[in-house]
Amino acid sequence: MFLRRFRPGLQLDGSLITASAAGIVGFSRAASMDMPLAATFTIAMLAWYGWHESGRKLHLAGFYAFIAVGTLAKGPIAPLLAALIVIAFAVARKNWGIVGKIFWLPGILIFLLIAAPWYVAVQLHNPEFFRVFILEHNFSRFGTNRYHHPQPVWFYLPVVIIALLPWAVFAFTALVANLRAWWADKNATRQPDNAFSIFLMIWFVLPLLFFSLSQSKLPGYILPAIPAGTLLLTEYVGRRAQSVGNNSVLAIILHSLTAASLLPAALLLQFIALQHHLSWNRAMVLALVLAVILSLAIGVTLRLRPGLRLLRFVTLAPVILAIAAVLRLNANFIDERYSARPLSDAISHIDNRSLPTAIYQVSRETEYGLHFYRNQRIARYESGEIPGGEHILVAPHSITISQINDKLPGRRVSYLGGDSLQALDYFWVSPPGMSMEHMHTM
């Protein structure tokens, strides 16, 4: 809707390029709040720029409303990132009035009416909420390695490249081209025609720099920046679509190889996941032949007269084929080995009372998956969160009952079953003094 209103002719490119980026496709199927935050944050920032360009208060009201929803999705990071981006844009444009005008009383009231009631209600119901969620899961997570996600400072560079596939090459080409234009003419930042590209560059780069400073890093944190990268590419394509044979040969080659590699990667997914390397066999040769044919077709097409006007068309072909191959050939494989759904279903089949669930030395991904599918908070033994009553415990195959008993003196632990593909077992744990016979579901 934004592109149709403010950049007519680019709406199809923008929506399809954004929707087909690997980070968007992947996280849209994940049980985390990163995608709701990214979606609402994107709408908010586009609404803000719509207000900046048109002056219509309706767009500014939309900005405040969706920033409020983003705050409900994942806390104060939404308004904080938005403020940093707007301030940086004002600095780049040498116009501090942009910052002053954003403080609009009706918009602030809209934000408070949407976001405040839930936060107040939760705080009243749980007095520890502010300390745990705001101080620990936001400020402490950023400033310390409290939650054990240390990564090097350059961690998000490969993450953002992967998240932008298959568009990464031209997205960074667009970024470099805009930076070169700005460096060549410092006054270009004040020209109205360049404002949207500058805004997108700041929106794309600033979260990357911000989260790189964090002491705790997870791939999903960078997701709000991905739409800025795809829209920056869309704007670049719109400007360069009329160019004939003037596109970088190196960029075309790299893009062709990247886009074409998606299909063989999808076809060989099970080999890669199980063997952790590729073997020379018939499937490998067929996949490579398909990749070569696709890359040649993409490269030749982009060098023809239509140029970048066909970028979306030729790139979406391998994307659609790769997604179809993953869903058709690998959906069950991925579900059985990487999703918590089969494990949750197996536990629910035995435990029809939905007992509390705890985990011991289990990955965060499994923890979050169980939280989603079991629809309950998951306690973690390592953090001292051992339920006082009867509960289900999930642990790796390598953990024995005797090891669990050492952590649970005076309580009975009984093996219920296991998931061999994910190498996980699940146990019944009694409250103190309770025997197995009291578990009515057994």
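Here are some questions and answers about how the words used for this predicted model follow from its numbers.

Q: What should I know about this model before I start?
A: It is predicted, so local features need pLDDT of at least 70 and side-chain atom pairs count only at pLDDT 80 or more, while totals for chains, interfaces and linings use all residues. Residues are numbered from 1 along each chain as its sequence is written, and side-chain values use heavy atoms, with hydrogens and water left out.

Q: How many helices and strands are in the protein chain?
A: There are 20 helices and five strands. Helices here are DSSP runs of H or I with at least four residues, and strands are runs of E with at least two, numbered from the N terminus.

Q: What makes a residue count as buried, and what percentage of the protein chain does?
A: Buried means under 20% relative accessible area, exposed means over 50%, and partly exposed lies in between (1.4 Å probe, protein chains only). Of the 442 residues, 48% count as buried.

Q: Why is α4 called roughly antiparallel to α12?
A: Two packed helices are described by the angle between their axes and the distance between the axes. Axes are lines fitted to C-alpha atoms, for helices over the stretch in contact, and angles run from 0 to 180 degrees between N-to-C directions. Helix α4 (residues 34–54) and helix α12 (residues 195–212) pack at an angle of about 150°, with axes 12 Å apart. Angles under 35 degrees count as roughly parallel, over 145 as roughly antiparallel, 65 to 115 as roughly perpendicular and the rest as oblique. The angle of α4 to α12 therefore earns the name roughly antiparallel.

Q: Which residues make the contact of α4 with α12, and of what class are they?
A: Contact means heavy atoms within 4.5 Å. On α4 the contact is made by Phe-41, Thr-42, Met-45, Leu-46, Trp-48 and Tyr-49, and on α12 by Ala-195, Phe-196, Phe-199 and Trp-203. Ala, Val, Leu, Ile, Met, Phe, Trp, Tyr, Cys and Pro count as nonpolar, Asp, Glu, Lys and Arg as charged, and the others, Gly among them, as polar. By that rule the contact has nine nonpolar, one polar and no charged residues.

Q: Why are α6 and α12 called oblique to each other?
A: The axes of helix α6 (residues 77–93) and α12 cross at roughly 130° and come within 9 Å. That angle falls in none of the named ranges, so α6 and α12 are oblique. Residues that meet here include Leu-84 and Phe-89 in α6, and Ile-202 and Leu-206 in α12. The contact of α6 with α12 has 17 nonpolar, no polar and one charged residues.

Q: What makes α18 oblique to α19?
A: Helix α18 (residues 341–350) and helix α19 (residues 364–374) have axes that cross at roughly 50° and come within 9 Å. This angle too belongs to the rest, so α18 is oblique to α19. Arg-341, Leu-343, Ser-344, Ile-347 and Ser-348 in α18 meet Thr-366, Leu-370, Tyr-373 and Arg-374 in α19. These residues divide into four nonpolar, three polar and two charged.

Q: How do you know that the span of α11 agrees with the expected one?
A: The expected span is 1.5 Å times one less than the number of residues. For the 17 residues of helix α11 (residues 168–184) that gives 24 Å, and the end C-alpha atoms are 24 Å apart, so the two agree. Among the buried residues of α11 are Phe-170, Leu-175 and Asn-178. The buried residues of α11 pack against helices including α10 (156–163) and α13 (226–240).

Q: Why is Leu-218 called partly exposed?
A: Leu-218 is in the loop between α12 and α13. Its relative accessibility is 22%, so it counts as partly exposed.

Q: Is Asn-375 buried or exposed, and what is special about its phi?
A: With a relative accessible area of 69%, Asn-375 is exposed. Asn-375 has a positive phi of about 55° although it is not a glycine. Most residues other than glycine have a negative phi, and most peptide bonds are trans.

Q: Where is there a cis peptide bond?
A: The bond from Leu-165 to Pro-166 is cis, with omega near 5°. Pro-166 lies in the loop between α10 and α11.
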